[in-house]
Amino acid sequence: MMLADLHIHTTASDGALAPAAVVRLAQSKGLAALAVTDHDTTAGLEEALSTGNMLTITVVPGIELSTQFADTEIHILGYFLDFRNEPLQNRLADLRADRVNRNKKILKKLRDLGYKLDWERVLALAGEGSVGRPHIALALKEKGYVATVEEGFQKFLNRGAPAFVPRKKLHPQEGIDLIKATGGVAVLAHPGLLGDQRLVKELILAGIQGIEVYYPLHSEDDKRNYLSLCKTYKLIATGGSDFHGIGTESKAEIGAAVVPYHAVKALEKAKGGVGNGAS
């Protein structure tokens, strides 16, 4: 069976591997398709698509938008969006600028706590990707302040830790609308990680077109429940590993959660629409 991993990150955001390397790794795992879904950026898509063309593996252009409702962070995946769209890129640039301001505030908090990090070094660790907390955690490890990246998050960077700084995020409706405005398909990422499951129904009403049913941290009950919702509301059932290779968000390997290739076809068929997709 031809399989696809539709949730993968690269060095364009907070992944460990460059876009081309991620595509090669996916091919080596025997996958027929993958989606590059970096956080709030499409910077890795040109390289990924070019590599996919050379290797004859399908690369789905995607993104993962971080949104916030009350105290809950909700991630919205976008597939087959027109990532060269100027209004989209302008909005993403605003989000990146806010991310930079947030990271500098984190460094100031760390300095106030007695842990001095150089901003230029954090930028260097991020390379061409968006700077994020994983790179600050790497800098903390490099300085010997912590033994591991995970310890850096737990001790300083996680919500509630002394150096944590909240980040401005889109409202979920804004994220859904932004994806649809570029002809993309909006899918709710890892709903099992949401504290309040009532939000899933609210997001369906807000216009999501799919649910990430298959995810490494979803239980069998989770999968059955979300698959049932997809059938009831005629949504596309997707899935992916959420491969990062850096930080603490995901330790899953590429291919740890997959869907049949027909999910890719369903997403492609639904692109450009304004209503729900088809399961």
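**Ser 228, an aromatic cluster and the cores**

Q: Is Ser 228 buried, partly exposed or exposed?
A: In this predicted model, Ser 228 is found in helix H9 (residues 220–233). Its relative accessible area is 40%. Buried means under 20% and exposed over 50%. Ser 228 therefore falls in between and counts as partly exposed.

Q: What distance separates the C-alpha atoms of Ser 228 and Tyr 79?
A: Along the chain, Ser 228 and Tyr 79 are 149 residues apart. In space, their C-alpha atoms are separated by 22 Å.

Q: How many aromatic pairs are there?
A: Rings pair if their centres lie within 6.5 Å. By this rule, the count of aromatic pairs is two.

Q: What is the geometry of the pair Tyr 115 and Tyr 145?
A: The ring centres of Tyr 115 and Tyr 145 are 5.1 Å apart. Their planes are at 80°, and planes over 60 degrees apart set the class. The pair is edge-to-face.

Q: How many residues apart in sequence are the parts that Tyr 115 and Tyr 145 tie together?
A: Tyr 115 lies in the loop between helix H3 (86–112) and helix H4 (119–126). Tyr 145 lies in the loop between helix H5 (133–142) and helix H6 (149–157). The pair therefore ties together parts whose separation in sequence is 30 residues.

Q: Which residue in helix H6 forms a pair with Tyr 115?
A: The partner ring has its centre 4.7 Å from that of Tyr 115, with the planes at 65°, so the pair is edge-to-face. The pair ties together parts 41 residues apart in sequence. At 3% relative accessibility, the partner counts as buried. The residue in helix H6 is Phe 156.

Q: Which residues form one aromatic cluster?
A: Tyr 115 pairs with Tyr 145, and also with Phe 156. The cluster is made of Tyr 115, Tyr 145 and Phe 156.

Q: Within what arc do the buried residues of H1 fall?
A: In helix H1 (residues 19–28), Pro 19, Ala 20, Val 22, Val 23 and Ala 26 are buried. Seen down the axis, they line one face of the helix, because they fall within an arc of 160°.

Q: Which helix gives the largest share of the largest nonpolar core?
A: The core has 41 residues, and Leu 34, Leu 188, Val 200 and Ile 211 touch the most other members. The largest share is four residues. They come from helix H8.

Note on methods: Residues are numbered from 1 along each chain as its sequence is written. This is a predicted model: local features need pLDDT of at least 70, side-chain atom pairs count only at pLDDT 80 or more; totals for chains, interfaces and linings use all residues. Side-chain values use heavy atoms; hydrogens and water are left out. Rings of Phe, Tyr and Trp (its six-membered ring) pair if their centres lie within 6.5 Å; planes under 30 degrees apart count as stacked, over 60 as edge-to-face and the rest as tilted. Helices (H or I, at least four residues) and strands (E, at least two) are DSSP runs, numbered from the N terminus. Buried means under 20% relative accessible area, exposed over 50%, partly exposed in between (1.4 Å probe, protein chains only). The arc is that of the directions from the helix axis to the C-beta atoms. A nonpolar core is a set of buried Ala, Val, Leu, Ile, Met, Phe, Trp, Tyr and Cys residues joined through side-chain atoms within 4.5 Å.
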